[in-house]
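Hi,

Here's the structure I said I'd pass along. Have a look at it first, and my notes on what turned up are underneath.

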Amino acid sequence: MLIRKTVEADLIQIENIYKNAKRFMKESGNPNQWNSETPNAETARADMQNKVSYVAEDNGKVVAVFMFSLKEDPTYLKIYQGAWLNDKPYGVIHRIAVLEQGKGIIDYCINYCFSKCQNLRIDTHRDNLPMQRALIKRGFKYCGIIYLQNGEERLAYQKI
C-alpha cells in the first residue's frame with residue numbers, strides 16, 4: 001500500500017470512491033452526511049490544488065482518498081459539550097473514503113497521517129456510526145461537537 005499526493009489522473013477513480021462511500025453511508029443509516037453532490041472529483045481537485053489531497057494506492061489502483069492538512073481548521077476553533085485533548089498544533093483529516101470497507105485501508109491512511117503529526121483531529125456526522133466505531137478503534141477520543149461553516153453539527157475526535 002502506498003500513500004501519495006493526488007494527481008489529475010486519479011480524479012476518475014476518486015469520483016467512484018466517493019460514489020461508493022455515499023452509497024455505503026446511505027445503506028448504513030447515514031443518508032445525510034454526503035447527501036449532496038459533494039464531495040466529488042472537483043472537491044478532490046480543489047484539495048489537490050491546495051496540496052492537501054492524498055490517495056492510497058494498492059497494486060496501482062487507487063483504493064482511498066483523503067484530505068490531510070497541518071493548517072488550523074477554522075471549524076475547530078470552538079468546541080461544544082466537551083473539549084479538545086490539547087491546544088497544540090494538529091493535523092486534520094477530512095473527506096476520507098475507501099473503495100471497499102472492511103479491508104483495513106483506513107488504517108493505512110490514518111497511520112500515514114499520524115506518522116506526519118502525532119496530534120490528529122477529525123469529525124464525522126452523528127449518523128455515521130461505522131466511522132465513529134472506526135475512529136474509536138484506532139485510538140481517537142470523542143471530544144465534543146463542532147459546527148461546520150454551513151452550520152451543520154459534527155462529532156469531533158482527536159488522537160494524540
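Starting with α4: P130, M131, Q132, A134 and L135 are buried in this helix. The cover over those buried residues includes α1, β4, α3, β5 and β7 (153–159). Bear in mind that this is a predicted model, so treat it accordingly when you set anything up.

Both ends of α4 have something to look at. At its start, a side-chain oxygen of N128 comes to within 3.2 Å of the backbone nitrogen of M131. Just after the helix, G139 has a positive phi of about 90 degrees.

N128 turns up again through T124, which sits in strand β5. The side chains of T124 and N128 make a polar contact at 3.3 Å. Is T124 buried or exposed? Its relative accessibility is 1%, so T124 counts as buried. Setting aside neighbours within four places in sequence, T124 is in contact with Q33, M131, Q132, R154, L155 and Y157. Two of those names, M131 and Q132, are also on the list of buried α4 residues.

Now the pockets, which I guess is what you'll open first. The largest has a volume of about 890 Å³, and 34 residues line it. Nearest its centre are D73, H94, R95, D123 and L148. The elements giving two or more residues to that lining are α2 (41–49), β3 (61–69), β4 (91–98) and β5 (120–124). Which of them gives the largest share? That is β4, with 5 residues. By type, the lining splits into 12 nonpolar, 14 polar and 8 charged residues.

The second largest pocket comes in at about 380 Å³. It has 19 lining residues, with F24, V98, Q101, I106 and M131 nearest the centre. So many threads lead back to α4 here: the largest share of this lining, 4 residues, comes from α4. At least two residues each come from α1 (11–27), β4, α3 (105–116) and α4 (129–137). The split by type is 11 nonpolar, 4 polar and 4 charged.

On to the packing. The largest nonpolar core holds 39 residues, and F66, F68, I93, I96 and C109 have the most contacts inside it. What does I93 touch, leaving out residues up to four places away in sequence? The list is F66, M67, F68, I110, C113, L120, R121 and I122. Apart from that core there is another one, of 10 residues, including V52, M67, Y76 and C143. M67 is thus named both as a member of this other core and as a contact of I93.

Last, a couple of residues that are not buried. K19 lies in helix α1, and with 47% relative accessibility it counts as partly exposed. K19 and F114 are 95 residues apart along the chain, with 26 Å between their C-alpha atoms. N59 belongs to the loop between β2 (53–58) and β3. N59 counts as exposed because its relative accessibility is 79%, and the cut-off for exposed is over 50%. From N59 to I105 is 46 residues in sequence and 13 Å in space, C-alpha to C-alpha.

Shout if anything in here is unclear.

Cheers

Technical notes
Residues are numbered from 1 along each chain as its sequence is written. This is a predicted model: local features need pLDDT of at least 70, side-chain atom pairs count only at pLDDT 80 or more; totals for chains, interfaces and linings use all residues. Side-chain values use heavy atoms; hydrogens and water are left out. A nonpolar core is a set of buried Ala, Val, Leu, Ile, Met, Phe, Trp, Tyr and Cys residues joined through side-chain atoms within 4.5 Å. Buried means under 20% relative accessible area, exposed over 50%, partly exposed in between (1.4 Å probe, protein chains only). Contact means heavy atoms within 4.5 Å. On a 1 Å grid over the protein atoms alone, a cavity is a set of points where a 1.4 Å probe fits but cannot get out, and a pocket is an open set with protein on both sides within 12 Å along at least five of seven lines; lining residues have an atom within 4 Å of a point. Grid points are joined across faces, edges and corners, and a volume is the space filled by probe spheres set on the points. Ala, Val, Leu, Ile, Met, Phe, Trp, Tyr, Cys and Pro count as nonpolar, Asp, Glu, Lys and Arg as charged, and the others, Gly among them, as polar. A polar contact is a pair of N or O atoms within 3.5 Å; within protein, one must be able to donate a hydrogen and the other to accept it, and residues adjacent in sequence count only if both atoms are side-chain atoms.
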